[in-house]
Amino acid sequence: MKLYYTPGACSLAAHIVGEEAGLGLKLEKVDLKTHKTADGSDYYAVNPKGYVPALALDDGGTLTENIAILNYLADRSGEKLHTPRHGTLERYRLEEWLGFITTELHKSFGPLFQGGGDDERNKAKQKILHRLKHVEERLTEPFLLGERMSVADAYLFVILTWSTKMHLDLSPYPRLNAFFARMNERDSVKRALAAEAGAT
Ligand SMILES: N[C@@H](CCC(=O)N[C@@H](CS)C(=O)NCC(=O)O)C(=O)O
């Protein structure tokens with residue numbers, strides 16, 4: 001499997017999952033300005049939607065959308081990640097977190113990354129902090145689903161890297177800070193961050 005990624009982007013979640021589960025993902029960097037891959041190919045030919053992540057599957061197909069990719073990798077992670085069985089309530093809890101992270105957190109960063117005006121940026125920051133308060137209140141330590149890491153934790157970690165970059169004040173959220181520190185200490189996270197930093 002090959003992951004099309006951009007350093008520091010949401011594709012980092014799938015990259016961390018690949019490292020955590022030892023899936024041996026190949027990596028291909030995408031320049032989101034030119035929509036070219038590292039070898040100069042047209043990224044639109046891989047993902048006509050033009051954004052990362054995309055996962056090239058071993059059978060020649062391509063999967064897009066964070067939630068689909070993370071679920072796909074989760075189901076191939078064996079015991080390495082906490083992946084509730086399909087049809088169980090806990091699996092729906094995983095989907096609930098993934099849906100919240102992608103629509104309510106990830107997408108709220110739009111004005112911050114796309115150069116919105118001050119007013120728009122401040123509103124976006126307030127909204128994100130309000131949504132993170134919800135996570136703070138629900139976070140069952142050490143991970144979102146309890147004792148073991150799931151793909152949702154990798155995605156939440158990416159959101160927290162962005163929050164830090166955007167200087168959001170996370171000091172009122174001790175559980176989130178502890179979660180962020182814990183994730184930063186994981187070998188899988190360190191490897192993924194180092195690989196992406198080395199690729200910039
Ligand atoms: N709905 C997509 C959104 C992915 C997304 O927002 N990707 C960003 C990076 S974090 C991107 O590639 N943006 C460039 C663009 O939209 O052209 C998903 O969940 O996979």
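How many helices and strands are there in the chain? The chain has eight helices and five strands. This is a predicted model.

**Overall build**

Along the sequence, the elements run β-α-β-β-β-β-α-α-α-α-α-α-α. The radius of gyration is 16 Å, close to the 16 Å that the globule rule gives for 200 residues, so the chain is as compact as a globular protein of that length. Its C-alpha atoms fill a box of roughly 45 × 45 × 30 Å along the principal axes. Of the 200 residues, 34% are buried. Take the contacts between residues at least 6 apart in sequence: 62% of them join residues at least 24 apart.

**Helix H8**

Helix H8 covers residues 187-198, which is 12 residues. From first C-alpha to last it reaches 16 Å, close to the 16 Å expected at 1.5 Å a residue. The buried residues of H8 fall within an arc of 100 degrees seen down the axis, so they line one face of the helix. The face turned away from that buried side carries exposed residues. The table names both sets.

| Set in H8 | Residues |
|---|---|
| Buried | Ser188, Val189, Ala192, Glu196 |
| Exposed, on the face turned away | Asp187, Ala194, Ala197, Gly198 |

What do the buried residues of H8 pack against? Their partners are helix H1 (11-21), helix H6 (151-165) and helix H7 (174-184).

**Around the ligand**

The ligand is surrounded by Ala9, Cys10, Leu32, Gly50, Tyr51, Val52, Pro53, Glu65, Asn66 and Thr102. This shell divides into six nonpolar residues, three polar and one charged.

How values were computed
Residues are numbered from 1 along each chain as its sequence is written. This is a predicted model: local features need pLDDT of at least 70, side-chain atom pairs count only at pLDDT 80 or more; totals for chains, interfaces and linings use all residues. A residue is near a molecule or strand if its C-beta atom, placed from the backbone, lies within 6 Å of it. Ala, Val, Leu, Ile, Met, Phe, Trp, Tyr, Cys and Pro count as nonpolar, Asp, Glu, Lys and Arg as charged, and the others, Gly among them, as polar. Helices (H or I, at least four residues) and strands (E, at least two) are DSSP runs, numbered from the N terminus. The radius of gyration is taken over C-alpha atoms; the globule rule is 2.2 Å times the number of residues to the power 0.38. A residue is buried if 20 or more other C-beta atoms lie within 10 Å of its own, exposed if 12 or fewer, and partly exposed in between; C-beta atoms are placed from the backbone. Two residues are in contact if their C-beta atoms, placed from the backbone, lie within 7 Å. The expected span of a helix is 1.5 Å times one less than its number of residues. The arc is that of the directions from the helix axis to the C-beta atoms.
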